[in-house]
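Me: I should like to go through the assignments in this structure and the criteria on which they rest. Please set each value against its definition.
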Amino acid sequence: MDQPSSTPVSDLLLHPIRWRIVQRVLGREVTTTDLKRDLPDVPSTSLYRHVAVLIDAGFLTVVRERKVRGTTERTLSLDQTKVGRIDEREARAMTPEQHRQAFLMMLTRLAADFDRAVERGDLETRLPQVGYSQLALYVAPEDLDAIREGINAVIEPHLTEAPGKDRVTLSLIALPDD
């Protein structure tokens with residue numbers, strides 16, 4: 001039996017540098033200069049190449065360009081509807097190893113984000129923004145669809161950066177438990 005081919009999402013986002021770029025742009029507008037500062041271990045040529053791949057694939061959008069010292073600085077945003085959500089067709093095209101790699105990459109990034117929040121030293125004052133829990137739900141397939149639609153409806157108004165609002169990363173995982 002033939003192995004399913006890679007999906008565009010897995011091809012793009014399972015690359016560690018592109019995944020890190022996406023995480024930095026998630027929910028905000030950033031310049032390529034911001035990315036260079038936030039990802040100092042990534043060589044500039046690699047960073048620009050991976051940004052170009054994400055722009056060409058429609059994950060990143062150039063929202064502004066301005067001239068800075070003879071070069072063009074681009075401000076980027078992310079289409080959040082494409083990231084972190086793999087539709088059923090794409091999921092079926094992924095190999096079990098690609099699923100495992102994507103899941104572990106998400107968990108690794110989540111752990112790194114948590115470590116960074118703890119190391120900032122202001123966790124005590126930001127505890128209202130921190131939460132983690134695990135629940136067991138008993139659902140039919142249509143129930144899970146309704147739950148996802150409800151969660152999306154609640155979250156949608158909060159996906160855009162706004163003055164006076166703090167950025168909080170929300171990660172959701174659903175797994176069958178048999």
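Me: Which residue of β3 does Val 62 stand opposite?

Reply: Val 62 stands opposite Leu 76 in β3. This is a predicted model, in which local features need pLDDT of at least 70, side-chain atom pairs count only at pLDDT 80 or more, and totals for chains, interfaces and linings use all residues. Residues are numbered from 1 along each chain as its sequence is written, and side-chain values use heavy atoms, with hydrogens and water left out.

Me: What makes β2 and β3 paired strands?

Reply: Two strands pair if DSSP finds at least two bridges between them, strands being DSSP runs (E, at least two residues) numbered from the N terminus. Eight bridges join β2 to β3 (residues 71-78), so the criterion of at least two is met. The two strands run antiparallel.

Me: Why are β1 and β2 placed at the edges?

Reply: The open sheet has the order β1-β3-β2. β1 (30-31) and β2 (60-68) each have a single partner strand, so one side of each is left without a neighbour in the sheet.

Me: Why is Glu 65 called exposed?

Reply: Exposed means over 50% relative accessible area, buried under 20%, and partly exposed in between (1.4 Å probe, protein chains only). Glu 65, in strand β2, has 54% relative accessibility and therefore counts as exposed.

Me: How do you know that Leu 135 is exposed?

Reply: Its relative accessible area is 70%, and it is therefore classed as exposed.

How values were computed
Helix = DSSP H or I, 4+ residues; strand = E, 2+ residues; numbered from the N terminus.
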